[in-house]
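This report examines a single protein chain. Please keep the sequence and the structure at hand while reading.

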Amino acid sequence: IVTEVDWQSLKNGVAHHTQEYPCPELVVRRGHTFTLVLELSRPLEDQETIIFTVETGPQASEDRHTKAVFQISELEVGKTWAAVKEAETENTVTVSISSPPNAVIGRYLMSTRVSSRRKQNDRKLGEFVLLFNPWCPEDDVFLASEEERQEYVLNDSGIIFRGVEKHIRAQGWNYGQFEEDILNICLSILDRSPLYQDDPAIDVSCRHDPIYVTRAISAMVNSNNDRGVVQGQWQGKYGGGTSPLHWRGSVAILHKWFKGRFKPVKYGQCWVFAGGMCTVLRCLGIATRVVSNFNSAHDTDRNLSVDKYVDSFGRTLEDLTEDSMWNFHVWNESWFARQDLGPSYNGWQVLDATPQEEREGVFRCGPASVTAIREGDVHLAHDGPFVFAEVNADYVTWLWHEDESRERVYSDTKKIGRGISTKAVGSDSRVDITSFYKYPEGSRKERQVYRKAVRKLFSVEASGRRSRGPRAGGRGLWRGGPPGAATQAGCLWPVRVPGPWELRRQRARDHLKKKIPITIAYSQYKEDLTEDKKILLAAMCFVTKGEKLLVEKDITLEDVITIKVLGPAMVGVAVVVKVTVVNPLLETVEDCMLMVEGSGLLQGQLSIDVPSLEPQERASVQFNITPSKSGPRQLQVDLVSPYFPDIKGFVIIHVATAK
């Protein structure tokens with residue numbers, strides 16, 4: 001009797017904030033009603049009604065809440081699947097369908113039959129996708145602020161902060177959750193999970209829960225254990241793949257994984273894992289942001305302190321130093337309720353897809369409540385001790401003597417977990433969120449929480465053993481495993497300039513500052529410079545009668561690139577972009593290229609050859625883009641050269657709707 005269905009995609013898309021998804025099937029959010037118009041081959045008789053069936057996953061069942069059967073009624077029912085008749089003509093009936101705010105998310109099949117014909121087969125109407133709903137107060141992922149929903153759910157570009165604590169840099173990132181096929185790929189990430197492979201029916205039935213879904217995604221974004229999306233590499237050798245610094249967003253990575261039949265994409269480091277995870281979770285409807293922690297600890301022996309051993313020149317002794325401090329590390333926060341912990345732990349939850357430590361045999365991390373971290377409640381699920389140490393471990397430097405004795409030369413309770421940063425809502429500025437993770441450094445409260453965390457940690461230590469992956473050290477050296485295992489996380493270490501040099505002896509008067517200039521020529525460091533363009537200078541000061549002093553300084557080489565849009569930008573109208581770059585070297589460089597990307601501004605990626613550049617020459621290149629979407633859009637432009645690490649830039653372009 002039902003011959004056709006009009007899914008009312010435009011109307012439902014606007015009502016559910018899903019109009020940006022380009023997929024052919026209807027995409028709606030749970031807990032809110034959506035409208036269908038059914039065309040009938042004949043009018044319904046008095047006692048007849050239409051019965052709907054919706055089901056998701058294999059072996060769908062009502063017991064597991066992966067299937068629901070319901071009929072059209074005149075009144076709205078409670079928080080269950082329901083259908084209410086809105087209007088009727090001779091040959092059509094308009095129905096509003098509602099789903100529970102805790103429904104399983106994913107791809108559903110909808111079918112109908114008429115109540116008077118029990119033997120009649122259900123007629124398949126087609127598929128629709130149901131997502132989490134931050135707009136629904138009864139949904140665990142509900143987020144009250146509309147500005148925050150626009151930023152953390154609907155914004156398809158963002159900024160990832162990298163660098164060092166005193167020189168924080170913004171890098172554009174194209175999340176692209178509304179690009180072609182991305183929703184389909186995000187759903188298949190869940191279906192590729194070992195949890196699904198082991199027991200598909202049970203796994204799908206758990207997908208109502210953001211805690212379960214985010215933990216599964218945090219394991220699947222890295223390739224360890226499960227042929228997940230991205231393979232990590234921290235050694236500076238990127239043969240057979242792409243350097244982590246060459247990615248400008250998640251879209252190319254997700255497409256490559258999907259088209260390559262789920263073969264892990266080479267290569268990623270922490271910001272790539274975090275950018276990818278942000279795309280997947282925003283796409284599925286969970287408010288998510290990317291967070292950068294400067295001086296981020298990896299505490300291997302779980303004593304909440306990072307112990308570093310140096311020789312008399314201040315050089316780190318890699319074979320003794322097992323703990324590490326990354327100049328920065330990047331993870332995600334997602335916003336949802338913690339039904340397992342209680343309402344005081346609702347809100348932002350730390351998730352980290354970078355493969356650092358195994359939990360129950362799987363490389364994943366979180367969700368860990370940010371509130372629990374701040375209060376030292378490290379015994380609460382999931383992975384609290386690891387995250388607490390990342391932001392609040394004590395940092396201790398030991399001088400290792402030739403007789404194998406050690407001497408504490410430096411101790412700092414404030415060094416770890418600095419400038420914890422995320423992009424501001426509605427603008428490109430950086431917001432410091434360190435106070436969400438810990439009380440002010442040096443305060444009594446912060447020390448109380450630290451001692452509480454140590455007590456909790458040692459009382460839960462017996463429950464749950466962990467194993468570590470190999471560790472990355474100073475010059476990409478590996479500890480504790482073969483280099484190919486590539487399981488240690490974080491970010492590129494600064495290059496150490498070949499030395500040491502002994503500076504001439506100096507007499508210093510009391511309280512007199514002495515500056516000793518050092519010039520480092522490009523030829524001295526060009527072979528060792530990592531793609532992150534960082535140099536770490538270390539000096540040990542020996543006092544004839546007194547304490548030894550270790551001085552370290554991080555130096556970051558500057559990027560010079562400017563991007564200008566010449567004229568107003570409008571949907572469907574070509575606009576000229578002018579990019580000016582500078583050769584940073586004192587030698588001629590050839591074979592440079594501009595790589596351009598931006599969701600809603602151009603399809604895929606654009607590559608443009610740059611003419612050869614004389615030493616420190618400034619040059620401009622112009623090209624056209626034709627925007628396809630309105631609103632603020634991020635355009636990323638990288639200067640790629642075989643002579644020096646990528647120079648990155650981005651600009652926000654405000655695109656007007658077509659006239």
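The sections below treat the annotated positions, the nonpolar cores and one sheet of this predicted model.

## Annotated active-site positions

An unreviewed UniProt entry assigns the feature "active site" to Cys270, His329 and Asp352. These positions are spread over 83 residues of sequence, yet they cluster in space, with a largest C-alpha distance of 9.9 Å. As the assignment comes from the UniProt record, it should be read as an annotation that may be inferred rather than shown by experiment.

Cys270 belongs to helix α8. Its relative accessibility is 0%, and Cys270 therefore counts as buried.

## The surroundings of Asp352

Asp352 is located in the loop that lies between β17 (347–351) and β18 (357–359). Because its relative accessibility is 1%, under the 20% limit, Asp352 is classed as buried.

Not counting residues up to four places away in sequence, Asp352 touches Ser218, Met277, His329, Val330, Trp331, Arg364, Cys365 and Glu390. One of these residues, His329, is also among the positions that UniProt annotates as "active site". Within the loop region, a polar atom of the Asp352 side chain lies 3.0 Å from the backbone nitrogen of Thr354.

## Nonpolar cores

In soluble globular proteins, nonpolar side chains tend to be buried together. The largest nonpolar core in this model has 89 residues, and the members that touch the most others are Ile217, Trp271, Leu284 and Tyr437. Helix α8 (residues 270–284) supplies the largest share of this core, with 11 residues. The same helix holds Cys270.

Leu284 illustrates how this core is assembled from separate parts of the sequence. Leaving aside neighbours within four places in sequence, Leu284 is in contact with Ile105, Leu131, Phe132, Cys186, Leu187, Leu190, Val213 and Ile217. Ile217, in turn, is another of the residues that touch the most other core members. Apart from the largest core lies another core, of 32 residues, including Val2, Val54, Ala83 and Ala103.

## A five-stranded sheet

Which strands form the open sheet, and in what order? Five strands take part, in the order β32-β38-β37-β34-β35, and their pairing is mixed. The edges are β32 (569–570) and β35 (605–610), each of which pairs on one side only.

At the β32 edge, two bridges join this strand to β38 (residues 647–656), and the two strands run parallel. Ala569 has Val655 of β38 as its bridge partner.

Terms used. Residues numbered from 1 in each chain as written. Predicted model: local features only at pLDDT ≥ 70, side-chain atom pairs only at ≥ 80, totals over all residues. Heavy atoms only, no water. Core = buried A, V, L, I, M, F, W, Y, C linked by side-chain atoms within 4.5 Å. Buried < 20%, exposed > 50% of the residue type's maximum accessible area, 1.4 Å probe, protein only. Helix = DSSP H or I, 4+ residues; strand = E, 2+ residues; numbered from the N terminus. Contact = heavy atoms within 4.5 Å. Pairing = 2+ DSSP bridges. Polar contact = N/O pair within 3.5 Å; in protein donor to acceptor, adjacent residues only side chain to side chain.
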